[in-house]
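Subject: Structure for your review

Dear colleague,

Please find below the structure that I am handing over to you. A description of what was found in it follows.

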Amino acid sequence: MSLIARFLLLAAVFSVGAVLARESSTRPNVLFIAVDDLNHWVGHLDGHPGTLTPNIDRLAGKGVTFSRAYAAAPLCNPSRVSLLTGVMPAHSGVYGNRETLREQLPDVVTLPQYFRQNGYSVKGGGKIFHAGPGDEEAWDEFFLTDAKAKWLEGEAPKEKPKKGQQTGMWDPWGPSSSDVGTMLDAKIADRIIAELEVQHDKPFFLAYGTYRPHLPWNVPQRYFDMHPRESVVLPTVIENDLDDVPPFGRKLAFGVLDISNSRNHAAEGGDHANILKYDQWAAAVQGYLASVTFADAQVGRVLDALADSPYANETIVVLWGDHGYHLGQKEHWRKHTLWEDGLRTTLVISAPGFGSNVQSDRVVGLIDLYPTLIELAGLEPREGMDGQSLVALLREPGLPWPRPVVSTYGFQNHSIRTERWRYIRYHDGTEELYDHDADPNEWTNLAVAPVADEYRAVMKQLARHFPKVNVR
């Protein structure tokens with residue numbers, strides 16, 4: 001090879017290397033915020049009267065809100081595993097809180113792990129996976145790995161329920177005697193903020209997960225003061241809502257069923273019956289609203305730190321709740337159902353170069369976040385994922401999006417959500433169908449006689465989207 005040819009070859013090699021280095025150094029950072037048990041009760045979605053979430057709303061003003069975002073499962077572990085692997089529950093076999101990620105998916109590459117493999121500094125703290133770090137391969141560092149053990153430390157309510165007035169939801173709600181700074185969510189926020197205040201020599205993926213508004217709803221008094229009991233508005237419900245629901249659906253409503261082991265966490269007779277018996281409905285809603293506002297305040301501290309950092313204009317921020325949450329709708333509390341309130345949650349994405357203060361009303365799934373983030377970061381797409389990137393909707397929020405969301409709770413219990421319909425089929429073949437154009441509260445099941453025959457063609461069409469493979 002001639003000297004000139006060698007020179008040109010070396011120049012080409014150095015040129016490619018320089019381009020790759022430049023691309024790596026200019027990749028966007030990711031701030032990944034998970035808010036535990038957050039449904040769609042946030043201010044910018046008008047989810048419920050009296051909701052106070054100024055910081056989440058501020059983030060929505062800088063990004064794209066997905067007003068109809070749904071979890072792949074109505075429980076923490078299966079929802080988070082699906083989001084963090086891109087694999088739906090029917091394909092992973094992770095249906096409840098008993099199964100573990102690596103037992104079911106030993107070779108999967110998780111979302112933070114993939115960023116780590118692609119040269120990112122990957123750190124996090126709080127509730128990202130269901131418990132602790134969740135996956136050792138995912139992190140360069142995970143803060144407060146003993147968080148679950150310290151979850152309740154110093155956060156007891158000032159007054160515990162009187163004997164005989166337990167609802168089955170632990171010592172469930174009331175002002176905490178703790179200072180804000182001693183709360184676990186605040187401590188983890190401190191660690192995240194410290195990461196945003198130091199210089200990084202490579203792009204970072206930083207994950208912050210709050211534990212509130214998960215039960216118990218014990219947060220400092222100031223957050224209860226923001227939601228006076230007399231101003232609390234209860235969810236809109238009707239009597240005998242469960243009369244047209246199949247037996248398995250009623251079982252989910254009356255109980256709080258961990259589908260992995262059939263353990264029922266509800267009080268004897270059901271949570272809703274006990275909450276009514278002891279006149280705790282308004283107190284419970286107040287506790288949830290106060291806990292949401294507390295979580296929002298910690299998110300706000302992290303967002304402020306990002307805004308004050310050198311990384312403000314080169315960081316993707318995504319905020320999500322892991323599933324929906326019932327507060328009496330359909331005579332049920334907590335999650336664990338395939339209805340709208342068990343699955344609908346909050347999703348906001350703010351990314352450099354995309355719209356701000358924009359809302360997309362397309363139906364999307366949390367399972368779409370993995371492919372979305374790797375596309376936004378300019379990483380190679382991955383095969384074998386059940387989700388679909390939402391980048392096209394970030395560019396054009398009103399783009400037609402015919403792809404429905406599939407949600408699963410247990411083996412062969414599935415829900416299909418389109419912009420108009422929700423169709424549920426349980427493992428025993430029983431069904432529910434709701435027309436959201438006419439019935440947004442899902443009060444009238446169209447899959448029962450005498451009207452079922454009129455809607456059989458609709459159900460047949462929707463059933464085509466049920467998973468063809470269901471792993472036990």
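Of the 472 residues in the protein chain, 58% are buried. Please bear in mind throughout that this is a predicted model. The chain contains 16 helices and 17 strands. If one takes the contacts between residues at least 6 apart in sequence, 71% of them join residues at least 24 apart.

I begin with helix α3, which spans residues 76-85. This helix is mostly covered, as 10 of its 10 residues are buried. Among them are Cys76, Pro78, Arg80, Leu83 and Leu84. Which elements do the buried residues of α3 pack against? They pack against two strands, β1 (29-35) and β8 (315-321), and against the helices α4 (89-92), α5 (101-104), α6 (111-117) and α14 (369-376).

Thr85 belongs to α3, and its relative accessible area is 1%. Because this value is under 20%, Thr85 counts as buried. The side chain of Thr85 comes to 3.2 Å from the backbone nitrogen of Val87. Beyond its neighbours within four places in sequence, Thr85 is in contact with Leu101, Leu105, Val108, Thr110, Tyr370 and Met385. Directly after α3 comes Gly86, which has a positive phi, near 75°.

The next two residues, Gly63 and Phe66, may be read together. Gly63 is placed in the loop between α2 (54-60) and β2, while Phe66 is part of strand β2 itself, residues 64-70. Are these residues buried or exposed? Gly63 has 0% relative accessibility and is therefore buried; Phe66, also at 0%, is buried as well. How far apart in space are the C-alpha atoms of Gly63 and Ser356? They are separated by 4.1 Å, although the two residues lie 293 residues apart along the chain. Phe66 and Gln359 are likewise 293 residues apart in sequence, with a C-alpha to C-alpha distance of 6.0 Å.

The contacts of these two residues, leaving out residues up to four places away in sequence, are as follows. Gly63 touches Ile349, Ser350, Gly355, Ser356, Asn357 and Val358. Phe66 touches Leu347, Ile349, Ser360, Val364, Leu390, Leu393 and Leu394. Ile349 is thus one of the residues touched by both Gly63 and Phe66.

I turn now to a pair of helices. Helix α8 (residues 184-196) packs with helix α12 (residues 281-307) at an angle of about 10°, and their axes are 9 Å apart. The angle makes α8 roughly parallel to α12. On the side of α8, the residues that meet α12 are Asp185, Ala186, Ala189, Asp190, Ile192, Ile193 and Leu196. On the side of α12, they are Phe294, Gln298, Arg301, Val302, Ala305 and Leu306. The residues of this contact comprise nine nonpolar, one polar and three charged.

The last region concerns helix α16, residues 456-463, and the loop that lies between β17 and α16. In α16, the buried residues are Met459, Leu462 and Ala463. Why do they lie on the same side of α16? They cover an arc of only 100° around the axis, and this places them on the same side. In general, an α-helix has 3.6 residues a turn, so residues three or four places apart point the same way. On the other side of α16, Ala457 and Lys460 are exposed. The cover over the buried residues of α16 includes the strands β15 (414-417), β16 (421-425) and β17 (431-435).

Glu442 lies in the loop between β17 and α16 and is buried, with a relative accessible area of 1%. With which side chain does the side chain of Glu442 make a polar contact? The partner is the side chain of Arg422, at 2.7 Å. Not counting residues up to four places away in sequence, Glu442 touches Asp241, Lys330, Trp339, Glu340, Arg422, Tyr434 and His436.

Ala447 is found in the loop between β17 and α16 too. Ala447 is buried, its relative accessible area being 11%. Outside the residues up to four places away in sequence, Ala447 touches Glu431, Glu432, Leu433, Ala452 and Met459. The C-alpha atoms of Ala447 and Arg425 are 9.9 Å apart, and these two residues are 22 residues apart along the chain.

Yours sincerely,

A colleague

Methods. Residues are numbered from 1 along each chain as its sequence is written. This is a predicted model: local features need pLDDT of at least 70, side-chain atom pairs count only at pLDDT 80 or more; totals for chains, interfaces and linings use all residues. Side-chain values use heavy atoms; hydrogens and water are left out. Axes are lines fitted to C-alpha atoms, for helices over the stretch in contact, and angles run from 0 to 180 degrees between N-to-C directions. Helices (H or I, at least four residues) and strands (E, at least two) are DSSP runs, numbered from the N terminus. Angles under 35 degrees count as roughly parallel, over 145 as roughly antiparallel, 65 to 115 as roughly perpendicular and the rest as oblique. Contact means heavy atoms within 4.5 Å. Ala, Val, Leu, Ile, Met, Phe, Trp, Tyr, Cys and Pro count as nonpolar, Asp, Glu, Lys and Arg as charged, and the others, Gly among them, as polar. Buried means under 20% relative accessible area, exposed over 50%, partly exposed in between (1.4 Å probe, protein chains only). A polar contact is a pair of N or O atoms within 3.5 Å; within protein, one must be able to donate a hydrogen and the other to accept it, and residues adjacent in sequence count only if both atoms are side-chain atoms. The arc is that of the directions from the helix axis to the C-beta atoms.
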